[in-house]
Every structure is written in structure tokens, then in C-alpha cells.
Amino acid sequence: MSDFSRRQFLQTVGAAAAAVPALEVMGGGAALARDANALTIAYNVDLPSWDPTSGPSAVNPTIQSIYKSVFGQFIDQNPDLSFRPGLITKWGWNDDKSKIAMTVREGAFWHDGTPVTPEDVVWSLERAADPKGGNPIQFVWSKIGNFKISGQEVTADVKSYEPALFKWMAFLTGFVLPKKAYEKAGAQGFEKQPIGSGPYQVEEFQRGAFVRLKAFPKWWGGKPAFENVVFKFVTDPTSRVAEVESGSSDLTLNVPYEEYDRLRVKPGFAGSARPITDIGMLFVTNRPPMLNRDLRLALHHAIDKKAIVDKLLRGYGVPIDTLEAPEYEAFDPTIKVGYDPAKAKALMAKAGYSPQHPVSFTIQTTRGYMPKDFEMIQAIAGMWQEIGANANIEVYEIAKHFELRAEHKLAPLAFYDWGNAIGDPSTSTGFAMFSPSPHSAWKSPKLDAMIGPLWGMKDEAKRIAGYKAVDRYIAENGLVIPLLQYAQPILYRQGLTVVPHAAGCILPQTVGRA
Amino acid sequence: MPLAYLVRRLAMAIPTLFGVAIVDFVLLRVVPGNPIAMMIPPGASAADIARLRAFYGLDQPIPVQFWRWLEALLHGNLGVSIDLRRGVLGLVMSRLPATLELALLAMVLAVALGIALGVGAIYWQGRWPEAVVDGIAGLGMAIPDFLWGLLLVLLLGVLLPILPISGRIDPMLSTHFVTPFYLAESLARGEFSLVGSLLAHMALPAVALALPLTAVIARILKSALVEAMSQDYILMARVKGLGRARIIWTEAFRNALVPTVTLSGVQFTFLVGGTVLIERIFSYPGIGNMAIDAVIGRDLPLIQGVVMTFAVLFILINLLIDMTYVLLNPRVRHG
Amino acid sequence: MDETAWRRSLGNPRVLFGLAVLALLALAALGAPLIAPQNPLHQDLLASFAPPFWHAGVVPGHLLGTDDLGRDTLSRLIYGARIALTVAVISATAAGLIGTLLGLAAGYAGGLPDAIVSRLVDVWMAFPPVLLSIVLVAVIGAGLEAVILAIVIVDWTRFCRIVRAEVLVQREQDYVAAAVAIGLGPWRVALQEILRNLLPTLIVLFTLEMGIAITVEAILSFVGLSIASGAPSWGGMIAEGRLYIHQAWWLMTLPVGCIIVSVLGLNALGDGLRQTLDPLVRR
């Protein structure tokens, strides 16, 4: 108790006082909660693995919040997606972009108490670049090598230029792991006792149930508001709502918008629903009948995206016409497609279709993978019916989508959610539209000729302009149908302050008490 | 005699297990599906994909894959989960105890409730309690466990939130369990706050699982009791002037037990199978919840491992039921 | 199974209740386009979450209100009966055919066929039915056909086991010996003579299997694997309505009620028929 300062004490009392109305509202249920020093988050996915740098879980965007609580990234990201120092405090290219230099933070520690060293940073980068290491982003990390350490500075040779290299350092698998502790424990041992350098250390992990974290006193970023944080894995949205409503959990995310609207205004609760880096879009595959440009454009013009956002998503979401959200670097507000049913009908007539002579095709979608995905496709199919297009809806699981996309066997149209937390055009338009990428659906030499040179373009301004031109070409030819940027509903009890992160992360170190 | 029977039954289980292994494999490998697609990162090349396929042995011809799988299986190696990147056997073993404790609790509940209802119906035969029991049994059998689960979440988790509706134990309790059998361990150590938290979390899923079995037991026990009560020795007992309650418990019940155990045995395997959905509804960290995640994520080795585990479990349960029957049987002749 | 047995059945209250439920189901299924007040697929985003008749503010034409896409709940329930009955009848028939044929062959022929079928049944019984059907549908792909196929693949053993056991009893009966004595071939004996005596058992099993099939469809929808493309299945309606249990609890509860009534009716029918028709299955 001795280190329990007066200030903390006052904070605790304040939180308890703030929680009183909520307790009254919820009656008996609140008895299930609540330790004023603990934050319980009803989280939507289970944590498969504690290694944030290998295997499929490393590239699963939905679990990055937990990784970011425990591990440190090379570079951090602000809630508005801008970058800030993480375990490296300074970074950059030399003039001809043949070398990089990074300064490793002083005064950062591992959870076992030993300091974070430049050796750890180099080891992590070399491990990430090793094809046998199982890092799914290995193809990025392998573009640098021949590391040299001098004091806190690390330099490396650029083997091939990757414009988004430093952005990747704040993104998937961009984590620093402890060289000594990992080599001592081995992969299996590390799973049992993960050691990071983040704000929280793992206190107890029960697979499939919860992970309980404890604030790490030596974290370089200062003491977080909550001493203990629990991520409770509740995959079912209805149960997550009940968790917060009954007071068992303090905070939850990704609940149905209807529930969000209902609880948000209830006394004792608060919420936020800000746009995040998830783009709901329709892949167009280059196969009949989509080879007809007029048809593609007609389908795009016939979709009333605003109505979908307003009616179906209850206003939570931003209609979008390219794969770049407004927060992204290559966003160009002048590229517009627009809802225009008359133009859509005219284009359909030009393509030889009408409600009397409709065109039929299959559209694939997930159901319940993203909010209202299936309902949205149903609504769109209804809009298309008006202009003479019969869309036959086929539902599949997301795993099936990945399978079909990798084999270039998607239906003519297929719904997907494209996440891009670093906002770089190469990780949205680039990978989604470049034909050698296993993730593209529209494969054409024309597009490849436009995107190809942008991959290694060293002039950043020219690269961004290049991607804007690609986006314009795509919009003018209807090669993909972007629908909307999702908003992420976060519900929490009153008395908390939550900073919504545009990448969709829930970072417990940023949750405070009001 | 029971020992010889046990050995014979165990021997019979071996070809069944082999058959299960074949079906399990064929089901998931011959049918088209590409688990690797899930883990292809943005920007991966064809070579990267081939490397991943080779790593999981998916580049081999099907018979070779089967042989390798079977060989590993015989060594107790169920492969490595693609999604969780840990040995399937270890994963199954860490999650199975939670499921077993839930299923056992549900069974205890079902047996206790079922016997109470069945005996009650006979005790008050011809009066309104019998009709109530019949009604409950009818409903219990018509409503599958997962609908019970949904209704319980609605009633006791949302409208009147008095019981937790997700998880296995309060995450804020410090536990330090050494075994994965939390309930058994905390009972053995006498830590009743842990027992309380565990039972509170298990209450709703266990009731949902138990209700259909309760109905079956009540109904079978009731009809077996009706039959037993009409037997000569019961008439004898009545003539001797024994009370109705005493006759039911001491004479009829014993004889009604054998058909009840035999007929509700199958239902117990259904209860264990039902954990798959119930664990999903209540976010309970058992093997069933993991199974659905595995199906959704196309984690082939994990699906195969879980299906195999359930099969072994079912075979064991059936064996147990048979043994119970053999043990109970001599007592039947006493009547 | 003579005429008096049938007449006795019609006097049984369970049978009557079951038949009434079945008739209602059949009426809704066959007459859906005539009875349903609206097109079950028609959405109207402006009229979503209309309340049912017992609430204030009911929208004319939507007696039981509308769902999140503004589709008419009553119409969807009525068309749901069509899907439920389709799944129930087709899968119970197919599972019954396969199970009965294999059971007949095993029980009557004995020897190797019996050993093979019995082993197969043993293997099948070792799989948890729910997990097996979930895995099957995930593997075959979503859709009505996949659901039916999964139910048939999982549930044929229910028929096979009981038919085999009954045949073992029946083939020792005098009428079989007599049929063989007058020179009827084995298949003729099995299919004509024995099957006729098994008919009551099969009818009972068939009704029970229909109830099981309706439940399994709901389970698969709940896991998100059943009928696609917005078709109004009760299971799908439960899965969708579940998301809104706080503001519109009836969206989930109404289809749950439909399933419960259907299964209660089919169970009652099976039980009643078992009591009145069938001295063999009766225990």
C-alpha cells in the first residue's frame, strides 16, 4: 500500500463515485463487476498466439490491440494514424535511399527487467527477414540487411527499396522481441511466458477465456491509468452487449449499431463510433459479364451508398469511391463516381441490358463477418434490380473468400473488408489491384503497367501522385467498387475516457478515468 | 466376467477407431479446401505460398498425407494447429477438462432433476403433478439445448442479470491452478470462493445442457416405474403394508434403474456433443468453442484432432454405459 | 397394421395434436404465396423494426412487425415453414431410405453385409452429430442442399440401427419361413414381407426425424452455415433476431416458438403412433 500515492487514491475514489449511477442502474448485475483499479474489456476475438511476428495470427488485424499492449513496436502510431517514436526514436533513409539509420530508445526495458538494446532490434529484424522464421511479412523485412550497430544507432543496407518500410515498422509484425529471453525460452516457452517491452505484462492467460495484464512499472511511456487490464474473449456480439450492460465488463467493441445506439444513451453508459481503416468494398473479377465497362460503371452508379450508411448502418460510416479513406495519404477527394440511377440506366442500355432483358451474375458475400455485410449486399441487389441486373447472392465464410481469391476464382463480384492501418496506397490500391499480388481480383496488363513502377519509386511525392492516377483510372473504368469506410462502435461505462484509434485498436494504456 | 467383457469391448473399439480415423481424414482432406489461403500475407509470391504448403505437408499426394497423419496419430501426435501454431494434442488436452467438468455438472443436474421428476410423477400418479412432469418432459425434449441456451441468456443474462453469461471463472480472481480441472481442484483444495465463481459461470450452460437429458430421464424412469409398480413383488409389498414412498424407493426404483441407465446413455453422448454449441453461446473456453473457431478458420489439423477426440470420448462413454449396465444387471434378477 | 390400428390412432390425443401441427405446417408451406401478406424478401429500409400488433405504433400490413431490413416477419415465418418442411421431408425420406435399405440388408442377409454395415454404424455413432454436421456443411458449402445432405449423412444410422434390430426379430417369424417356403426370393421377402411389418416403426422414426431435421437446420443457421441468400428460414431468423433481442425480442422468439411447436407436434405424433400402431418399438 505504501506506493499507493495520494493522487492515485483520489483517482480511485473519483472513479468509484462516477461509477455509482451506473451501479444503481444495473442493480444486481453490477455485483458481478468491478475492481476500481481494473479495466475489463469484452473483446471480440480470441488470442491464438503470443508471437506477434509469425503465423497467421501475426497478420490478423483484430488482435493487434493485445499485441500492442504487451509488446513494443519499432515505430508507434497516433490515433490519427500519424507516426511517432516507438522503440526507435529516429529513423530515416540516406539521400540515395541505399541505407537506413535508426536510433534505438534509451531507457526502455523488457518485462524481465533487462534493458532493450540495439542487439534486440537487429535480432528482431533479422529474424523477421529469415524465410524459415515464419514471418508472413518476410518479403518486406528481407529488403534490408547487413546491420551495423554503433552505440544506440543501427544502420542497414537497403537490398531493394520499399517505400513503406518504416510504415510497416508500425504495422503487422513490426514488433521488437527480446533476443536473450526468446532464445532461452524457445518458441514454445515464449508462448507460455511472453516477454515484451510494452505498457502491460502478462499476468495470467487462459486460452479461449481471458488474458489478465498488469501495468509494467518500468515502461518508458509512463504509468497507465489502470493497474490491471483484462481482455475477456467474447466472440458473440449479443453476449458482448450483455457483458457491458450487466456491468461484468467495462468496455466492448464491434456490437451491432442498433445496440450501440440503444446503450449509448442509457444512463451510465457512453460510446464512440469513429471511422477506422476498414473499407467495405466489392472486388470485381475480370470475367464475364464484368468485362463490359458500361455494365461495371452502371452497377457502381446504381448504388446509393449514402442510403446504405444512413439506413442500414444508422449513419455510422463514410461513403467512399476509391480504396483510399480520407485519412490515407493518397486520398483524392476529386475522384468521384456518385449515385446516379439515370446514368446507370443509360449505361445499362448501352451495354444492352434493361429490366426487361436483365443481366444475371453471382455476387459473393460473408455474413456477420463485418457489420451488416450480408444485409448491405441484399440492399445493393435490390438497387440493381431496378436497372436490370439480377444479382444472385452467395454466402461464404471469410476463409473461403481467401481461398477463392488466392486462386483467382471469386465470383464476378465479391464483398470484402480491406484493412489498411498504415494508410499507405501500396497496402490498399497496390496489393488489391496489382495482378501478381495473390490478393487482386481484377488482373489487367494496363493496370500492372501503371502500378508496377510505383513499388520501388524513390520520389515519395511522385509515388503518391502515381497512386492517385491509378485510383482515378480504376474509378473511371469501374475496376473495383468501393462502398464505405466503416466506423467502429465502442461502448463503455460512464466514467471512462476512451481515445478511439483510427486503426481500430483498443489500447488499454490510452483508457483513462474521466 | 465383467473383466472379460471389458476386454472384449475394448478390442471391438479398435476397428471403430480406425474407421473414425479414415472418415475424419477423408472428410477434411479429399474435399476441396485450401487452409493456406487464410495465411497468405499481402504481397506474398507464389514461392511463398508453395513454401507454406510444404511446411504443412499439403504438397504431398493424398495417400501420403493420410499415411503420415495415421502414423503420427499412432504416436499420439495430432499435428500442429495452423491457426494457433501449437500441438493439437496439447491444445485439446488444455481445453478438454473445461468441457468435461461442464458435461459432468450437467449430467449430475440432469440425473438429480430427472429422478426427482420421474419419482414425483409416480408418487402423485393421476394427480396434477404428473401432468406437470409430462409437460416439462415434453418441452424439455422438444426444445434443443442450444435454444435453451439462447432463452437462458435472454432471461437470466439480460432481462434479470443475476448470473454471468460468459467465461469459466472471474478473471480477477487469482487462481494458480496446477491442473486444468479447475472445479475438481478448487473443491479438493477447499477454496470455496473459486468454487463459487466456477459454479456461477457454469450454471447457465449446464442447465441448458441438462434440460433435454432431464426430460428423457424423467420420462423413461416414469414409464419404467409404472411397469415396475405393476409387478407381483410390488403387490406383495403392498400387501405387507409398506408405504407408497417406501415401495417406490426401495423396490420399484432399483428395478427401474436398468432400463433408465441403458436408454438415457445415448442421450448422455448427445449432451457431450451439445457442448459444442453451448460453449459457443456462453463463450466457455472448452474444446467445443475451439472446434467452431477451427471450422470457421479452416484449421484442418485442429478440426481433425477435435473430431478424433470427441470420437474417442463417445466410445469411452458408451463403454462406461455398457459397464454400468453389466454391473447393475445382477440386481435385476433379485426381483 | 390393420384398419383398426389406424382408427385407434385417430382417437389418440397426441396423434391428433401432431396431425394438427403437421397440417398447419403443410398448409403454410404449400399455400405460402396465397397466405403470406407480403413478399418475404421485399425489404423496406424505411420501415425497419416495425413493432408487432400488441405494441403501439403497428404499421398496417405488418401484423407481426418487420425485421432489421424492413421485411415482414409474419410472411417470413410462413415461408419459413416451407423451408422447414422441405428440409424435414426430404432429409427424413433420404435418411430413411438409406438407413432402411442398409438395415434390411444387414439384418436379413447377416454375415459379411451385416458386419460391414454394423461397423459403419459403430463408426458413425462415434461422431458427435452436431459437430459432424457443422463440419460437413462447412466442407460442402452453405445452402439448402448442403444442409439436407449433411442431415442425411449424419442421421441415416438412426433408421439403420433400429431397422436392423427389428429385422433380426422379424426374420425368425413364421410368416417369413412361409414366404421362403413358397419360393419367394430373399429380396422379395425382405422388401415385401418384412418391410410391410416394419412400416409402423418406420413411420414413427420418420416423424421423429422430421423434428430433428428442423432443429438441425436451426443449429446450422445459428452457427452461420445454413441457407444463404436471405431465404426466410426459421434458423436464419433466430440468428438475425438474436442480435436485436434487447430492442425487439420477438424477432428471435417468434421463430423459436415456431420450431418448438413444430418439434412438439412431430414428437407427439411419433409418440402417439408408437403407442397405438406399433407393438415392436414400444418399450
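Start by selecting A:H408. Is it buried, exposed or partly exposed? Count the C-beta neighbours inside 10 Å and you get 14, so A:H408 is partly exposed; to be called buried, a residue needs 20 or more. While you are there, look at the backbone: phi of A:H408 is near 55°, a positive value in a residue that is not a glycine. The residue belongs to the loop between α13 (398-406) and β18 (413-419) of chain A. Keep in mind as you go that this is a predicted model.

**Stop two: a parallel pair in chain A**

Now select residues 389-395 of chain A, which form strand β17. In a regular strand, side chains alternate between the two faces of the sheet. Which residues of β17(A) sit on the covered face, and which on the uncovered one? On the covered face you'll find A:A389, A:A391, A:I393 and A:V395. On the uncovered face are A:N390, A:N392 and A:E394.

Add residues 359-365 of chain A to your selection, and you have strand β16 as well. β16(A) and β17(A) run parallel, joined by seven bridges. To line the two up, pick A:T362, which stands opposite A:N392 in β17(A); that partner is one of the residues on the uncovered face.

What links the two strands? Colour residues 373-387 of chain A to bring out helix α12. Together, β16(A), α12 and β17(A) make a β-α-β unit, and it is right-handed.

**Stop three: an open sheet with a helix across it**

Stay in chain A and bring up β5, β6, β8 and β7, in that order. These four strands make an open sheet with antiparallel pairing. The edges are β5 (88-93) and β7 (144-150) of chain A, each of which pairs on one side only. On average, neighbouring strands here are turned by 20° against each other, ignoring direction.

Zoom in on β7(A) and β8 (residues 153-158) of chain A: five bridges hold this antiparallel pair. A:S150 is a handy marker, standing opposite A:E153 in β8(A).

Then show residues 118-129 of chain A, helix α3. This helix lies across β5, β6 (99-104), β7 and β8 of chain A, and runs at about 170° to β7(A).

**Stop four: a cis bond and a low-confidence stretch**

Select A:P288 and A:P289 next. The peptide bond from the one to the other is cis, with omega near 0°. A:P289 lies in the loop between β14 (269-284) and α9 (293-301) of chain A.

Now colour chain A by pLDDT. The chain averages 88, and 93% of its residues score at least 70. Residues 1-33 stand apart: pLDDT is below 50 over that stretch, which has 39 contacts in the model beyond near neighbours in sequence.

**Stop five: chain B and its contact with chain A**

Show chains A and B together. How many residues does each chain bring to the contact? Chain B brings 42 and chain A brings 45. On the chain B side, α2 (46-55), α4 (88-123), α6 (145-159) and α11 (287-296) each supply at least two residues. The top contributor among them is α11(B), with four. By class, this side of chain B has 22 nonpolar, 11 polar and nine charged residues.

Just before α11(B), select B:S283, in the loop between α10 (244-281) and α11 of chain B. B:S283 has a positive phi of about 40°, though it is not a glycine. Buried or exposed? B:S283 has 27 C-beta neighbours inside 10 Å, so it counts as buried.

For the opposite case, try B:L10 in helix α1 (residues 2-29) of chain B. Because B:L10 has 11 C-beta neighbours inside 10 Å, it counts as exposed. Draw a distance from B:L10 to B:I315: the C-alpha atoms are separated by 9.3 Å, although the two residues are 305 apart along the chain.

**Last stop: chain C**

Finally, select chain C. It has 10 helices and zero strands. The C-alpha atoms fill a box of roughly 75 × 45 × 30 Å along the principal axes. Of the 283 residues of chain C, 55% count as buried. Among contacts in chain C with a separation of 6 or more, 71% join residues 24 or more positions apart.

Bring chain A back into view to finish: 15 residues of chain C are in contact with 19 of chain A. The chain C side divides into seven nonpolar, six polar and two charged residues.

Terms used:
Residues numbered from 1 in each chain as written. Chains lettered and ligands numbered in written order. Predicted model: local features only at pLDDT ≥ 70, side-chain atom pairs only at ≥ 80, totals over all residues. Contact = placed C-beta atoms within 7 Å. Nonpolar A, V, L, I, M, F, W, Y, C, P; charged D, E, K, R; others polar. Buried ≥ 20, exposed ≤ 12 C-beta atoms within 10 Å, placed from the backbone. Pairing = 2+ DSSP bridges. Right-handed = clockwise from strand over helix to strand, strands pointing away. pLDDT = per-residue confidence, 0-100. Axes fitted to C-alpha atoms, helices over the stretch in contact; angles between N-to-C directions.
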